[in-house]
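Welcome! Take a moment to look over the model below, and then we can walk through some of its features together.

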Amino acid sequence: MSNNPFLDYQQQFFKTWTDNMSKIPGMDTYQQMFQNATPNLQEYWKTFAPAGLTNPTEFWKNLQDQGAEYWKNFQSMVPGLENFWKTFSPMIPNMGDFSSMFPYKIPGMELYTKVFEMWKGMSNPVTFAKDFQEKYMDLMQDMFKGVLPAGANNVIGKPMELMDNCVNFYKQTLAPWMELDQGIMSRIASGDMSAYNDFFKQFNEKYDETIGKYLNMMGLGLNREANEEQMQAINAYYKAMFSSGELASTVMTSLGDSMKDLVESYQKGIAEGKSFSTFRDFYNLWYKTTEDSLLKLFSTDEFAKVFDDFADKYSQYTIAMNKVYERALSALPIPTNTDMKSLYKTVYDLRKEVRDLSRAVAGMTAPAAETKKEG
Amino acid sequence: MSNEMKNPFEEGMEQFTEFQNKVMQTAVNAMQQFDPQKFSEQLINMQDNIMKGMDVLLNLKPEDVASDTLEKDVVLTVGKMRLFHYKPLAPARKRIKTPLMITYALVNRQYMMDLQPDRSVIKSFLEAGLDVYIIDWGYPTAEDMYLTMDDYINWYMDEAVDAIRKETGKDAINLLGVCQGGTFSTIYTALHPDKIKNLVAMVVPIDFSGNEGLLFRWSKFMNIDSLVDAFDGVVPGDAMNVAYLVLKPLGNMVEKYVGMTDKWTDPEFMKNFLRMEKWVFDSPAQVGATLSQFTKDLYQGNKLIKGELELGGKRVDLKNINMPVLCAVAEKDHLVPPSASRPLMDAISSTDKQFMLFNTGHIGMYTSSKSRTDIIPSIIEWIKSRS
């Protein structure tokens with residue numbers, strides 16, 4: 001590290017760049033597989049590599065070293081730069097955060113590279129089966145995380161985690177109020193994905209009869225309305241959380257099936273004489289199988305109901321919370337949403353009144369103008 | 001052990017083992033098929049491609065990817081709506097006297113019709129001599145939350161039509177509606193048939209009873225009022241974008257970009273890709289009152305085709321549509337399947353009516369090469385022969 005932050009950042013930038021280059025989809029795996037699959041590795045590399053380099057690892061290492069050297073030289077070439085940077089850098093927020101310096105991302109590419117991860121270790125068929133399944137579900141777990149907008153990510157970004165949170169929340173907090181079938185809980189504990197669907201179905205049935213009833217009780221006393229609103233907001237939160245869990249479990253169950261479809265499709269393709277010799281071939285197969293599986297799920301009324309229930313429950317929660325916020329803010333000298341909506345309604349009504357009057361005036365003046373013209 | 005003797009656990013284990021075997025077999029197959037040379041070439045090409053693609057992106061400027069570039073004047077403003085009139089491109093002797101007004105959907109921006117300079121629908125219209133006006137609905141904000149379908153159709157659209165009639169001295173104009181704008185145009189024509197000479201409805205949802213499109217299926221169970229209330233009367237464009245993305249989750253969020261990197265070393269490809277990217281996510285917020293009415297009366301109640309829709313106290317009777325009508329739809333449309341448009345043909349009383357089916361998708365109607373060579377020329381010909 002030099003005492004010049006700018007140059008340090010540049011060195012870091014170059015190092016990260018070259019590190020990332022070496023991690024370009026499957027580069028490390030490629031090397032590993034390459035060694036396993038190609039006995040005459042050295043000869044092969046010589047054919048492709050730049051002159052003088054004996055193996056791929058050396059190539060990337062050299063590139064990195066040369067980069068660091070370049071920035072060192074650059075520092076001595078521009079003597080005034082250090083002082084300039086000392087003055088300038090505090091004016092730029094978060095400059096120390098490398099990702100904020102280079103935030104450019106291609107959507108979906110992270111997922112694309114993760115597909116490749118599934119095929120790592122295929123040189124060992126014995127361990128591959130277990131790894132493949134774990135990595136597939138890991139991929140599915142993260143599938144929506146990187147690609148959905150931030151708001152939606154918060155809700156269903158980690159479906160497995162969300163489902164487990166719901167189950168744990170039930171066990172730790174709600175269980176004394178409403179007893180669910182222990183068989184379902186045992187199946188969840190044993191990793192049976194379909195048990196989650198049963199869990200959420202039964203939860204919805206029992207919730208309204210027990211804790212839901214309590215949270216919708218009428219309040220008493222001076223703060224009756226405020227208390228009711230708060231209880232209803234808590235009720236809406238539970239319902240929203242469990243509805244998102246139900247959506248997640250519906251999607252994850254379907255994706256669990258799509259893993260089997262993927263393996264079946266691969267075997268079928270092989271039997272039909274298709275070739276899957278590159279990463280892109282594998283990716284295409286994964287993409288098509290998974291998308292087909294999702295679209296098949298989406299095209300059912302059952303999914304539409306779960307999806308719409310999820311949207312509704314989150315809307316109800318937002319509405320309930322907005323009421324609580326608005327009551328809390330009502331003592332302050334600021335207009336609330338209710339005040340603004342009233343104002344917008346007045347403006348809307350006035351605009352329509354002006355329109356009607358303009359049309360009436362136009363109707364009165366048009367015949368007059370025609371009469372004048374004729375006269 | 002016979003099948004009858006197996007308990008569920010044993011059966012499950014057997015299935016699991018069978019699946020494990022298939023995965024192991026897959027690994028063996030994959031190893032046999034693996035082509036190291038092809039694979040390494042692919043990785044080297046990928047790196048090369050990434051560097052070149054980034055270089056293309058680094059050198060593109062906003063002005064390189066501009067859309068909506070044809071010259072036009074604002075001739076009317078009502079609230080946030082603006083009516084534009086395009087400057088003619090054809091010589092005076094070739095111009096069609098009956099003006100054409102285009103009404104786009106509320107959910108996206110109208111400049112889809114002038115997205116790429118080399119494939120601009122508007123430019124094709126102007127070069128063919130059409131006198132083109134277009135409605136830009138603008139970006140609604142909270143103050144617009146009470147606007148209803150009646151307001152959009154019988155107020156905003158009607159003032160636009162009247163302004164054009166006044167400016168051109170024509171009693172009736174040609175009306176072209178796209179998607180939801182097509183539904184609005186059809187409703188408008190049914191309510192004001194004397195002001196419309198020819199109606200062109202492109203990728204228009206009219207019969208909402210089907211479930212072919214996911215939007216149709218999902219909207220059936222939607223509690224739209226709670227959604228509108230949650231967003232305080234105006235649903236943000238991004239909320240709509242999420243819904244559209246999820247219709248083809250991997251296709252729209254992963255494959256689109258993976259596919260892009262195959263071609264992104266071509267600056268012309270990237271210019272068009274970026275134009276489309278901007279347009280796709282340039283979604284105005286939706287006015288709650290209208291979104292709610294559209295969902296409940298049309299997606300859920302299917303009132304238009306049933307003859308039960310009422311606007312401003314008047315029933316919308318599609319039989320009032322008696323002028324020439326062209327209904328142009330896309331065979332591969334996942335947003336508005338042809339089955340949602342076709343019933344229009346039987347619901348109207350026009351004798352001069354035509355249904356055109358094109359082998360493309362919803363957006364392909366305006367941006368594909370087929371659009372330029374086949375779709376738009378057919379529409380121009382249809383309009384010109386009746387204007």
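In chain A, 23% of the 375 residues count as buried. This is a predicted model, and its chain A holds 17 helices and 0 strands. Of the contacts in chain A with a separation of 6 or more, 67% join residues 24 or more positions apart.

**Two helices of chain A**

Let us begin with two helices, compared with their expected spans.

| Helix | Residues | Expected span | Distance between end C-alpha atoms |
|---|---|---|---|
| α10(A) | 159-174 (16 residues) | 22 Å | 21 Å |
| α12(A) | 194-207 (14 residues) | 20 Å | 20 Å |

For α10(A), the distance agrees with what 1.5 Å a residue should give, and the α12(A) value agrees with its expected span too.

Which residues of α10(A) are buried? They are Pro159(A), Leu162(A), Met163(A), Cys166(A), Val167(A) and Tyr170(A). Because these residues cover an arc of only 135 degrees around the axis, they lie on the same side of α10(A). On the other side of α10(A) you will find exposed residues: Glu161(A), Asn168(A), Lys171(A), Gln172(A) and Thr173(A). A general rule helps here: an α-helix has 3.6 residues a turn, so residues three or four places apart point the same way.

Helix α12(A) has its own buried set, made up of Ala195(A), Tyr196(A), Phe199(A), Phe200(A), Phe203(A) and Tyr207(A). Their arc around the axis is only 135 degrees, so they sit on the same side of α12(A). What covers these buried residues of α12(A)? The cover includes α10, α11 (182-189), α13 (211-215) and α14 (224-271) of chain A.

**Where the chains meet**

Two packed helices are described by the angle between their axes and the distance between the axes. Here, helix α15 (residues 279-298) of chain A meets helix α9 (residues 249-263) of chain B: their axes come within 9 Å and cross at roughly 155 degrees. Since an angle over 145 degrees counts as roughly antiparallel, α15(A) is roughly antiparallel to α9(B). On the α15(A) side, the residues are Tyr287(A), Thr290(A), Glu291(A) and Leu294(A), and they meet Pro249(B), Leu250(B), Gly251(B) and Glu255(B) of α9(B). Sorted by class, this contact has 4 nonpolar, 2 polar and 2 charged residues.

**Some loop residues of chain B**

Most residues other than glycine have a negative phi. Asp68(B) has a positive phi, near 55 degrees, and is not a glycine. Asp68(B) belongs to the loop between α2 (36-59) and β1 (72-78) of chain B. Because it has 19 C-beta neighbours inside 10 Å, Asp68(B) counts as partly exposed.

Asp232(B) also has a positive phi, about 55 degrees, without being a glycine. Its place is the loop between α7 (224-230) and β7 (234-235) of chain B. With 17 C-beta neighbours inside 10 Å, Asp232(B) counts as partly exposed.

Is Phe208(B) buried or exposed? Phe208(B) is buried, because 25 other C-beta atoms lie within 10 Å. This residue is in the loop between β6 (196-202) and α6 (214-219) of chain B. Leaving aside neighbours within four places in sequence, Phe208(B) is in contact with Phe216(B), Leu298(B), Tyr299(B), Asn302(B) and Ala340(B). From C-alpha to C-alpha, Phe208(B) and Arg95(B) are 38 Å apart in space, and 113 residues apart in sequence.

Note on methods
Residues numbered from 1 in each chain as written. Chains lettered and ligands numbered in written order. Predicted model: local features only at pLDDT ≥ 70, side-chain atom pairs only at ≥ 80, totals over all residues. Axes fitted to C-alpha atoms, helices over the stretch in contact; angles between N-to-C directions. Helix = DSSP H or I, 4+ residues; strand = E, 2+ residues; numbered from the N terminus. Parallel < 35°, antiparallel > 145°, perpendicular 65-115°, else oblique. Contact = placed C-beta atoms within 7 Å. Nonpolar A, V, L, I, M, F, W, Y, C, P; charged D, E, K, R; others polar. Expected span 1.5 Å × (residues − 1). Buried ≥ 20, exposed ≤ 12 C-beta atoms within 10 Å, placed from the backbone. Arc of directions from axis to C-beta.
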